[in-house]
Amino acid sequence: SGWLWAVVAAGLEDQRVLATLRYMPVDDGLRKLSTVQAQAAIRQHWPQWMLQSSTRDVSLPGIPVPHVRRHCQPAQFFDRLGRAATPEHLAPRVRLAHELRELLCPDQISLGITGSTLIHAGHASSDLDLVVYGEDAIEICRDRVRQLLQQGRLDALTDSQWRTTHRRRGCDMPFDEYHWHELRKYNKFSKYGIKVDLSCVTDTHPWVQPAGRKLTRIRLRANVTDDRHAYGYPAVYGIDDPRVRAILSYTATYTGQARQGETIEVAGWLEDCGDFQRVLVGSSREASGEMIRVVAPVEPD
């Protein structure tokens, strides 16, 4: 009781929730677990929950529905607090969340909060993780972030914040290359010294729904023909490779990574989906050896 898991897939598989273990209860609250620590805890306490997912073709914890005590949903965060003026006693990240809702989101856009703020496990150095719903919404919010950065009403990340983010990601790119890709996305910024991440929840893309059978690790170059779903979960990129229809990324590092018309290099798992093939980037949380990088960009903004 009290262990917290991050849901990794919509819906159920064999009446189980696919998830990864993120926090354990301790005397003074919750402690975030590394991947290695989470795997050890699962082996010790719930080895019977490991499931070979038929939709992901990967081994994941599958929590039986009767064992789920509570589902913390980002979209319900503000409803639980109410829409009144922000009380002064609220934690700094909660006050900032209220302020950013007014800055970033017109009435038609729904904003949610995820990560440590949602479960009240944040600390002084925690990020604020915002979620918007729908591809139109993320484009509106990213454009708004760009404008507010130019106006000085939001702050760009400091070099230290960028380097810390790069280390946490553990991606297979040197810092300068990682930084170049990230600066174009307008989904990270800072306010009052608090780092903010903006992500998106979308409907499942048709190229995601078929279960894929992993064939082999692959590295290829291709041109991006469709970037309309680059900020979804997973991020989806159409490419012009004769064998491979799309790239899917479940790793946030590669969300919004490339634009239509750009040439990319991709490393990941080649999957057979029956009628087509795709490359999966992010078969594990760290995605070691898996990446998307632009090798020939379109004209800069």
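Modeller: Contact means heavy atoms within 4.5 Å. Let's keep that in mind as we go through this predicted model.

Colleague: Happy to. Which residues does V17 touch, not counting residues up to four places away in sequence?

Modeller: V17 is found in strand β2. Its relative accessibility is 15%, and buried means under 20%, so V17 counts as buried. Leaving out residues up to four places away in sequence, V17 touches V7, L12, P61, G62, I63 and V68.

Colleague: Thanks! And what separates the C-alpha atoms of V17 and V94?

Modeller: Along the chain, V17 and V94 are 77 residues apart. In space, the distance between their C-alpha atoms is 28 Å.

Colleague: Let's step back to the whole chain. How many helices and strands are there in the protein?

Modeller: The chain has 301 residues, and 47% of them are buried. Its secondary structure comprises seven helices and 15 strands.

Colleague: What radius of gyration does the protein have?

Modeller: Along the principal axes, the C-alpha atoms fill a box of roughly 60 × 50 × 35 Å. A compact globule of 301 residues would have a radius of gyration near 19 Å. The protein agrees with that, as its own value is 19 Å.

Colleague: What share of the contacts with a separation of 6 or more comes from residues 24 or more positions apart?

Modeller: Here we take the contacts in the protein with a separation of 6 or more. Residues 24 or more positions apart account for a share of 64%.

Colleague: Now the surface and the charges. How far apart do the centres of the positive and negative side chains lie?

Modeller: The protein exposes about 15500 Å², and carbon and sulfur atoms supply 49% of that area. Its charged side chains number 38 positive and 37 negative. The centres of these two sets lie apart by 4 Å.

Colleague: Which helix gives the most to the largest nonpolar core?

Modeller: In soluble globular proteins, nonpolar side chains tend to be buried together. The largest nonpolar core here has 58 residues, and L100 and V132 touch the most other members. With six residues, the helix that gives the most to this core is α3 (residues 92-104).

Colleague: Which residues are among those of the other core?

Modeller: That core lies apart from the largest one and has 10 residues. Among them are M24, L33, I42 and W46.

Colleague: Is L100 buried or exposed, and which residues is L100 in contact with beyond its neighbours within four places in sequence?

Modeller: L100 sits in helix α3, and at 0% relative accessibility L100 counts as buried. L130 is 30 residues away from L100 in sequence, with 9.2 Å from C-alpha to C-alpha. Leaving aside neighbours within four places, the contacts of L100 are C105, L128, L130, L154, F189 and V196.

Colleague: What is V132 in contact with, leaving aside its neighbours within four places in sequence?

Modeller: V132 lies in β7 (128-133). Setting those sequence neighbours aside, V132 is in contact with C105, I109, S110, L111, A137, I138, C141, L198, S199, C200 and V201.

Colleague: Now some backbone details. Which residues does a cis peptide bond join?

Modeller: The omega angle of this bond is about -5°. P234 has its place in the loop between β10 (213-229) and β11 (235-239). The bond joins Y233 and P234.

Colleague: Where is Q15 found, and is Q15 buried or exposed?

Modeller: Q15 is not a glycine, although its phi is positive at about 60°. It is found in the loop between β1 (4-7) and β2 (16-26). Its relative accessible area is 56%, so Q15 is exposed.

Colleague: And what is the relative accessibility of H120?

Modeller: H120 is a residue other than glycine with a positive phi, near 60°. Its place is in the loop between α4 (115-118) and β7 (128-133). H120 counts as exposed because its relative accessibility is 63%.

Colleague: One last pick: which residues is V294 in contact with, leaving aside its neighbours within four places in sequence?

Modeller: V294 has its place in strand β15 (residues 291-296), and at 8% relative accessibility V294 counts as buried. With those neighbours left aside, V294 is in contact with W180, H181, R184, Q257, A258, E262, T263 and I264.

Definitions and conventions: Residues numbered from 1 in each chain as written. Predicted model: local features only at pLDDT ≥ 70, side-chain atom pairs only at ≥ 80, totals over all residues. Heavy atoms only, no water. Helix = DSSP H or I, 4+ residues; strand = E, 2+ residues; numbered from the N terminus. Rg over C-alpha atoms; globule rule 2.2 N^0.38 Å. Buried < 20%, exposed > 50% of the residue type's maximum accessible area, 1.4 Å probe, protein only. Areas by Shrake-Rupley, 256 points an atom, 1.4 Å probe, with all protein chains shown as cover. Lys, Arg positive; Asp, Glu negative; His and termini not counted. Charge placed at Lys NZ, Arg CZ, Asp CG, Glu CD. Core = buried A, V, L, I, M, F, W, Y, C linked by side-chain atoms within 4.5 Å.
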